[in-house]
Amino acid sequence: MSSLIKKTAAELGELIAAGQTSALEVTREHLDQISKVDGRVHAFLHVDVEGALAAAKAVDARRAAGEKLGPLAGVPIAVKDVVTTKGLPTTAGSKILEGWVPPYDATLVERLKDAGTVILGKTNMDEFAMGSSTEYSAYGPTFNPWDLTRIPGGSGGGSSAALAAYEAPLSIGTDTGGSIRQPGAVTGTVGAKPTYGGTSRYGLIAFSSSLDTPGPCARTVLDAALLHEVIAGHDPRDSTSIPAPVSPVVAAARQGMSGDLTGVKLGLVKEFMSAEGAEPGVVAAFHAAVESLTKLGAEIVEISCPNFVYALPTYYLIAPSECSSNLARFDGVRYGLRVGDNGVNSLEEVMSLTREAGFGPEVKRRIMVGTYALSSGYYDAYYGQAQKVRTLITRDFQAAFEKVDALISPTTPFVAFQLGARTADPSSMYLADLYTIPSNLYGGPAISVPCGLSEGLPVGLQVMAPTLADDRMYRVAAALESTIGTLTPPEL
Amino acid sequence: MTYADIVERYEPVIGLETHVELGTRTKMFCSCPTEFGAEPNTQVCPVCLALPGALPVVNAVAIESTIKIGLALNCSIAEWCRFARKNYFYPDMPKNFQISQYDEPLCFDGYLDVEVDGRTVRIEIERVHMEEDTGKTMHIGGSTGRIQGATESLVDYNRAGIPLIEIVTKPVTGTGAMAPEVAKAYVAELRDVLRGLGVSDVRMEQGSLRCDVNTSLNKPGEEWGTRTETKNVNSLRSVERAVRSEIIRQSGILDDGGKITQETRHFHEDTGQTTSGRSKETATDYRYFPEPDLVPVTPAREWVEEIRAGLPEMPRVRRLRLREAWGLSEHDMQSVLNAGAVDLIEATIVAGASSEGARKWWMGELARRSNETGQELDALGITPQWVAELVSLTDAGKLNDKLARQVVEAGLNGEGTPGEIMAARKLEVVSDTGALLEAIDAAIAANPDVAEKIRGGNQGAAGVLIGAVMKTTGGQADAKTVRGLILEKLK
Ligand SMILES: [Zn+2]
């Protein structure tokens, strides 16, 4: 019986709470699916069979003791390998952390455990979340369940592929420039980037501190909202965490599911419509979805955000600059890989040899770019200038949200491409995040929801909302989902 | 070439950078304890070990302490400022960057007045900013404990993340020959201010107050010369010696037509000389940028004013006030300060003693003992209350000077309060006139010629009889009383 793995997290939570199935049964079915398909998908870097079964049994015991369970208690979840899990290996997709077992849980992992979710394991990703295809994982790529010759997006390709392969109903991603939304789009799943500071970064291995945002991945908008509610909220261990209540995302998703968007005003970003590089099939699917939104009652207007065209180069100065500093701690002294410690090499030589051997090409590329951009004499021209453009992009958003409730665009310019198609030319890879990067620079929430197929492959629609108005994007995304439906990948 | 000749021909410009470890209970960005001397790597956590994923959170007490320091140094307090990352690789720095402040210090544009030889010198403060300390590296296997020849390096991260405050002066000019004394006086004054604020234990020997001294020389009327930065200056005396030795060294080079290299130099306590460290020209580019893991620091004005209102009296103001109140000369006040007796004398007065009485004992018998044993005055086991009791007993005539000294001796041996010692040792001025008259009669009988002189009007001769009486009574008589009785008898 493989019916349980096709169910949504919301359904599973209800069945478990009602005693119609057990957390153990649900967990076993997902572990079975992992052993059946992950050899071909490679969504997971580490599967914690024993830990998952123990967590599931604990939930069942709580229920047996008469405890009232939360909506996601007993529901399995996969966690991106960039988030620390106490006692479970955490590598961030890098050789430099091979074998490292964190002594502490990230805040969001603590919250997942408190909510009774069952952590199945850690998912594959581009090394240190730098990439858009998961091909930069030091442990080999993940394959898109829709077509195993294609990429699942990145950096969180593992988290999204696990959903599309029915290995997990929920997963955790992190989004610095689109690493939740773009994999969501190309795997036909839902991925939400919350407001920056709305979810704690404590325990998230930093790539670019001012951009990194953990968030929920799921196969439905409601499931994403349920997970969002579990992990969001103020965390005193993260100074940039916002001390404000979480907006009512679950209620908004349920409201959207009714299919009514009357009175909602949505803006089409003009600069994205004219941008080069979007595939015709993606544009067509997007416009069909816009039609659907209009039929649901939404008013659509075109909005100009003139500075969005500078988002990509701005991002590729800020993110590498911060990463060049964030990744300095990986030096072989305290944890992870150590190379060349033979009693002859100096400390500096050991550090240098370790980093040479431990980091992959994309990570080295960005560290070098960032080191250069921050260096004395270049700071003003690069990092300083990028911060100024970031402010302009933020102003574009603020001006737009005076006219509309949310902005919409395709999530990514192209459907899942063939493995190896873009690794030779980094800048062609960077284009994958053309539409997702602006909201990272601004800090507002954004979600990708499936909006149709192009040549048999999923296309995603992105909804971008004002900071702290995460509920708005859930309402619009859920409404679209209610007319288009979820996408069903081919059987593996 | 004598020092006097050198400072005739060259004008020194000095600058001081002082690092102060704050005495907060927890570290700057995590809640690990800060106690000194714990087992290596027992006061660490994911944050101060820079484990992947860990994030810093600012210690609010450290911010408050820094604002206190800024206000005490007459600084402006920023309404909005940020931390910055100072990037460089070093094994005892867990993140391979230090969280510091760069172009937005929390406190800026202040001053501190110091006294040197009765002259007031205003030292302008450029900035006071916050940062974190590094761990400590030990090299094993080499002959000298240095990195050369070492086969293993051990790092203790207990100190990593302890709050550090850096206080930077503007260049100090126009002090001429006094430059070394000014440097020393500044550090001493700063130490007293910090101690008074209660923000640090300011122990130079333990490294909780560390000082780097910048020195340059220029000919009068010419531009400032190239400066050197002297590190490893670990005592007040060394501050003075380091500046003096740098002035002498640089003048030698300049006199020979040479050029000063901009560099870091190390001061050596034993030789009193500085030697070259790493050259500043090859210094790392620190790639400062605003720390994205921390939100800006925005101290509310009301809070700053609250802190200002709660500041204690500044040491210099207090010194002037006490000198006045105690009626001391500048020189005597300086002796009191040098002996570290100000607080003790003040507390003794508060406990009821006269200022003369308090000063007499603390600066007399007790200071002598402190000198002999090398113990601090406040470590002798004698409290201000103890001295106040002693003073009140002598003032009441129950102890004379000689007996009081015996009581002090006993007190230093831990025999109890003055009252207890007097009771135990039966030390009290004999005021029973019957017993005294008996002793006086005996003294007169034994010295008829002296008695005759006194009868003849030579009162000065009474000393001999007084001495004899004191001897008979074992010193327990009050000399004044004895004298009165003798003169009465031989009228
Ligand atoms: Zn700590």
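This is a short talk on a zinc site, some helix pairs and a few individual residues in a two-chain structure. The model is predicted.

I'll start with the zinc ion. Its protein donors are four sulfur atoms in chain B: the SG atoms of Cys30(B), Cys32(B), Cys45(B) and Cys48(B). They sit 2.3 to 2.4 Å from the metal. Along the chain the donors are spaced as C-x1-C-x12-C-x2-C. Two of them, Cys32(B) and Cys45(B), are in the loop between β1 (11-21) and α2 (60-72) of chain B, so this pair ties together parts that are 13 residues apart in sequence. What is the geometry around the zinc ion? The 4 donor atoms subtend angles of 100 to 115°, and the arrangement is therefore tetrahedral. Cys32(B) has a relative accessible area of 6%, so it counts as buried.

Staying with that loop, the next residue is Val57(B), which also lies between β1 and α2 of chain B. Is Val57(B) buried or partly exposed? Its relative accessibility is 28%, so it falls in the partly exposed class. Leaving out residues up to four places away in sequence, Val57(B) touches residues of both chains. From chain A these are Pro236(A), Arg237(A), Asp238(A) and Ser239(A). From chain B they are Met28(B), Phe29(B), Cys30(B) and Leu294(B). Cys30(B), as I said, is one of the zinc donors. For a long-range distance, take Val57(B) and Glu305(B): they are 248 residues apart along the chain, and their C-alpha atoms are separated by 24 Å.

A residue of chain A also has contacts in both chains, namely Ser209(A). Ser209(A) is placed in the loop between β5 (190-193) and β6 (213-218) of chain A. Its relative accessibility is 0%, which means that Ser209(A) is buried. Beyond its neighbours within four places in sequence, Ser209(A) is in contact with Tyr196(A), Arg201(A), Glu322(A) and Asn326(A) in chain A. On the chain B side, Ser209(A) contacts Arg85(B), Pro292(B) and Asp293(B).

Now the helix pairs. Two packed helices are described by the angle between their axes and the distance between the axes.

In chain A, helix α7 (residues 221-231) and helix α8 (residues 249-257) pack at about 170°, with axes 8 Å apart. α7(A) and α8(A) are therefore roughly antiparallel. On the α7(A) side the contact residues are Val221(A), Leu222(A), Ala225(A), Leu226(A), His228(A) and Glu229(A). They meet Val249(A), Val250(A), Ala253(A), Arg254(A) and Met257(A) in α8(A).

In chain B, helix α13 (residues 433-446) and helix α15 (residues 462-472) have axes 9 Å apart and an angle of about 125°. That makes α13(B) oblique to α15(B). The crossing of α13(B) past α15(B) is right-handed. α13(B) contributes Leu436(B), Ala439(B), Ile440(B), Ala443(B) and Ile444(B) to the contact, and α15(B) contributes Leu465(B), Ala468(B), Val469(B) and Thr472(B).

Another chain B pair is helix α9 (residues 355-373) with helix α11 (residues 401-412): the axes come within 11 Å and cross at roughly 50°. α9(B) is therefore oblique to α11(B). α9(B) also passes α11(B) in a right-handed crossing. Charged residues appear by name here: among the contact residues of α9(B) are Lys360(B), Glu365(B), Arg368(B) and Arg369(B), and among those of α11(B) are Asp401(B), Arg405(B) and Glu409(B).

Next, some backbone details. The peptide bond from Gly154(A) to Ser155(A) is cis, with omega near 10°. Ser155(A) is in the loop between β3 (118-123) and α5 (157-164) of chain A.

Which residues other than glycine have a positive phi? Ala92(A) is one, with phi of about 55°. Ala92(A) is in the loop between β2 (76-80) and α4 (107-114) of chain A, and it is buried at a relative accessible area of 0%. Asn232(B) is another, with phi near 65°. Asn232(B) belongs to strand β11 (residues 228-233) of chain B, and at 40% relative accessibility it is partly exposed.

The last residue is Ala177(B), in the loop between β9 (163-169) and α3 (179-197) of chain B. Ala177(B) is partly exposed, with a relative accessible area of 37%. Apart from residues up to four places away in sequence, it touches Tyr3(B) and Val7(B). Ala177(B) and Ile247(B) are 70 residues apart in sequence, and 9.8 Å apart from C-alpha to C-alpha.

Methods:
Residues are numbered from 1 along each chain as its sequence is written. Chains are lettered from A and ligands numbered from 1 in the order in which they are written. This is a predicted model: local features need pLDDT of at least 70, side-chain atom pairs count only at pLDDT 80 or more; totals for chains, interfaces and linings use all residues. Side-chain values use heavy atoms; hydrogens and water are left out. Donors are N, O and S atoms within 2.8 Å of the metal (3.2 Å for Na, K and Ca); water is not among the atoms, so sites may look incomplete. Four donors count as tetrahedral if all angles lie between 85 and 135 degrees; four count as square planar and six as octahedral if opposite donors are over 155 degrees apart and all others between 65 and 115; anything else is irregular. Helices (H or I, at least four residues) and strands (E, at least two) are DSSP runs, numbered from the N terminus. Buried means under 20% relative accessible area, exposed over 50%, partly exposed in between (1.4 Å probe, protein chains only). Axes are lines fitted to C-alpha atoms, for helices over the stretch in contact, and angles run from 0 to 180 degrees between N-to-C directions. Angles under 35 degrees count as roughly parallel, over 145 as roughly antiparallel, 65 to 115 as roughly perpendicular and the rest as oblique. A crossing is left-handed if the near helix is turned anticlockwise from the far one by less than a right angle, and right-handed if clockwise. Contact means heavy atoms within 4.5 Å.
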